[in-house]
Amino acid sequence: MKGLQLLAASCAAVLVCATGTAAGAAQPSLDSIRVAVVKDDPQVTLQIFGRFRMFALQTGHPVQEGPRLQSVAVRGVPQGLALGEQVLPLFGVRIEPARDAAINVNGRRLRGALEIVRQKDLTLLVINHVALEDYLRGVVSKEAPDYWPSEALKAIAIAARTYAIYQRFTKASDPYDVSGNVMSQDYGGRASEKLTTTRAVQATAGLVVLYGQQMFPTFYHSTCGGMTEHARVMGSYDLPPLRGGVSCTLCAASPFFSWQRRLSKADVAWALHQSPYGSLGPIQSIQVTQRTASGRAQEIAVTGALRTVRLTGYDFRALFGFDQIRSPLFTIVPLADSFILEGHGWGHGVGLCQWGAAELARRGFSATEILSFYYPHVNVLSLRELSGKSINVIGGTP
Ligand SMILES: [Zn+2]
């Protein structure tokens with residue numbers, strides 16, 4: 001994709017363009033992606049099934065090679081990196097497996113190459129350099145059940161590919177493009193791959209979603225619970241396909257379409273006491289004081305005997321855990337000693353609703369139609385068609 005150019009010109013004033021050719025930044029290759037699979041851990045377990053070569057990260061000098069690597073603990077030490085008993089006077093290594101070999105990190109089997117970097121505090125950053133299409137095989141299988149209809153899996157594959165490429169452009173100067181967890185895209189590596197999700201990736205190879213000439217982060221989520229959300233909750237994104245407001249009860253079959261969560265007053269007091277917000281004294285009320293146009297909690301006031309704190313919907317969910325309060329789309333029913341949250345959906349609600357996509361596919365809609373439903377006014381194009389053409393990568397704070 002050498003011809004693909006990023007131009008800073010012609011982006012709307014509210015959008016910040018990614019640095020591109022104008023700034024002289026290197027054009028990232030779209031054939032591969034850098035996935036942080038471990039961040040800030042003091043130790044990882046490494047094993048290599050098959051022939052490998054290991055190089056010093058900074059100089060590229062060969063360090064060792066072998067027909068396999070037995071399971072070994074890798075740690076950051078003051079002198080460099082320790083592989084079991086062996087200390088390498090290096091801040092980082094790159095491991096390249098032979099074609100048919102696989103690297104196993106903390107029990108997760110990965111495709112591609114691996115970089116292990118010792119950070120200043122001696123913790124490790126582990127980055128998987130993997131072919132983009134191989135990465136997607138390990139993402140779609142984690143993001144969607146493999147028994148879903150193929151057009152839904154294809155729509156999710158195209159959204160996941162676009163999201164990954166968007167990250168690749170906007171994170172070019174960072175050490176990695178995406179994290180291998182649910183805050184970015186869930187990534188299970190080779191171990192998680194399934195036949196049907198791999199087929200969906202292969203059938204859509206190279207296809208991405210664009211709005212005119214603009215590439216944007218194709219956010220998606222499990223279950224919208226009734227209506228999709230504007231992407232401004234994710235950052236300063238404002239583009240017709242990301243403005244939400246798509247009415248969707250197609251996800252009614254989702255186990256997360258409706259949910260309830262009880263928070264005792266003691267739970268709330270303790271969670272705040274443990275957090276940077278500090279103690280409020282005995283909790284008196286929780287109220288949603290602002291909602292977004294889609295009805296999601298934007299600001300929540302928690303009042304204790306001592307004072308009131310106001311949290312964003314995101315911070316409120318973070319306080320108790322995103323798997324505990326599944327979405328910001330809830331109402332609060334106060335009881336004597338607790339609050340009942342009556343909620344809908346799972347996730348932030350921006351962009352494509354996965355359970356809704358599954359239902360649309362069941363009703364006979366194609367992957368392109370599903371994508372156009374959740375990201376209005378977009379086109380599905382192949383990277384090959386775009387080669388040599390200019391596209392703008394919209395900015396925003398992810
Ligand atoms: Zn939905």
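**Strand pairing, helix packing and domain arrangement**

In strand β20, the residue that forms the bridge partner of I283 is G304. This pairing was identified in a predicted model, and it belongs to an antiparallel ladder in which β19 and strand β20 (residues 297–304) are joined over seven bridges. Within this pair of strands, I286 stands opposite V302 of β20. The hairpin of β19 and β20 has five residues between the strands, and in this hairpin G295 takes a positive phi near 95°.

The two strands form part of an open sheet of three strands, which has the order β19-β20-β21 and antiparallel pairing. The edge strands of this sheet are β19 (283–291) and β21 (308–312), each of which pairs on one side only. From one strand to the next, the twist averages 20°. In general, the strands of a sheet pair through backbone hydrogen bonds, in either a parallel or an antiparallel manner.

Two helices pack against these strands. Helix α4 (residues 265–274) lies across β19 and β20 and runs at about 75° to β19. Helix α5 (residues 313–320) packs on the sheet as well, where it touches β20 and β21, and its direction makes about 100° with that of β21.

A further open sheet of three strands has the order β18-β23-β22, again with antiparallel pairing. Its edge strands are β18 (258–264) and β22 (330–334), and each of them pairs on one side only. Neighbouring strands of this sheet are turned by 20° against each other on average, with direction ignored. Strand β22 and strand β23 (residues 338–344) run antiparallel and are joined by five bridges. Along this pair, T331 stands opposite E342 in β23. Helix α4 also packs on this sheet: α4 touches β18 and β23, and its direction makes about 75° with that of β18. Helix α4 thus touches strands β18 and β23 and also lies across β19 and β20.

Packing between helices was examined next. Helix α2 (residues 150–170) packs with helix α7 (residues 367–374) at an angle of about 60°, and their axes are 8 Å apart. Angles of 65 to 115 degrees count as roughly perpendicular and angles under 35 degrees as roughly parallel; α2 and α7 are therefore oblique to each other. The crossing in which α2 passes α7 is right-handed. On the side of α2, the residues E151, A152, K154, A155, I158 and A159 take part, and these meet A367, I370 and L371 in α7. By class, the contact of α2 with α7 has seven nonpolar residues, two charged residues and no polar residues.

Helix α2 is also in contact with helix α6 (residues 354–362). The axes of α2 and α6 come within 7 Å and cross at roughly 140°, which makes α2 oblique to α6. This crossing of α2 and α6 is right-handed. The contact is made by E151, A152, A155 and I156 of α2, together with Q354, A357, A358 and A361 of α6. Its residues divide into six nonpolar, one polar and one charged. Residues E151, A152 and A155 of α2 appear in the contact with α7 and in the contact with α6.

A third helix pair consists of helix α1 (residues 132–143) and helix α3 (residues 195–203), whose axes come within 9 Å and cross at roughly 135°. Helices α1 and α3 are therefore oblique to each other, and α1 passes α3 in a right-handed crossing. Here E133, L136, R137, V140 and S141 in α1 meet T197, T198, A200 and V201 in α3. The residues of this contact of α1 with α3 divide into four nonpolar, three polar and two charged.

At the level of the whole chain, the domain assignment gives domain 1 (43–122), domain 2 (133–252 + 348–393) and domain 3 (258–344). The C-alpha centres of domain 1 and domain 2 lie 32 Å apart. To the contact between them, domain 1 contributes six residues and domain 2 four residues. Strand β11 (residues 108–110) supplies three residues, the largest share of the side of domain 1 that touches domain 2. By class, that side of domain 1 has two nonpolar, one polar and three charged residues.

Technical notes:
Residues numbered from 1 in each chain as written. Predicted model: local features only at pLDDT ≥ 70, side-chain atom pairs only at ≥ 80, totals over all residues. Axes fitted to C-alpha atoms, helices over the stretch in contact; angles between N-to-C directions. Helix = DSSP H or I, 4+ residues; strand = E, 2+ residues; numbered from the N terminus. Parallel < 35°, antiparallel > 145°, perpendicular 65-115°, else oblique. Left-handed = near helix turned anticlockwise from the far one by under 90°. Contact = placed C-beta atoms within 7 Å. Nonpolar A, V, L, I, M, F, W, Y, C, P; charged D, E, K, R; others polar. Domains from an automatic or database assignment. Pairing = 2+ DSSP bridges.
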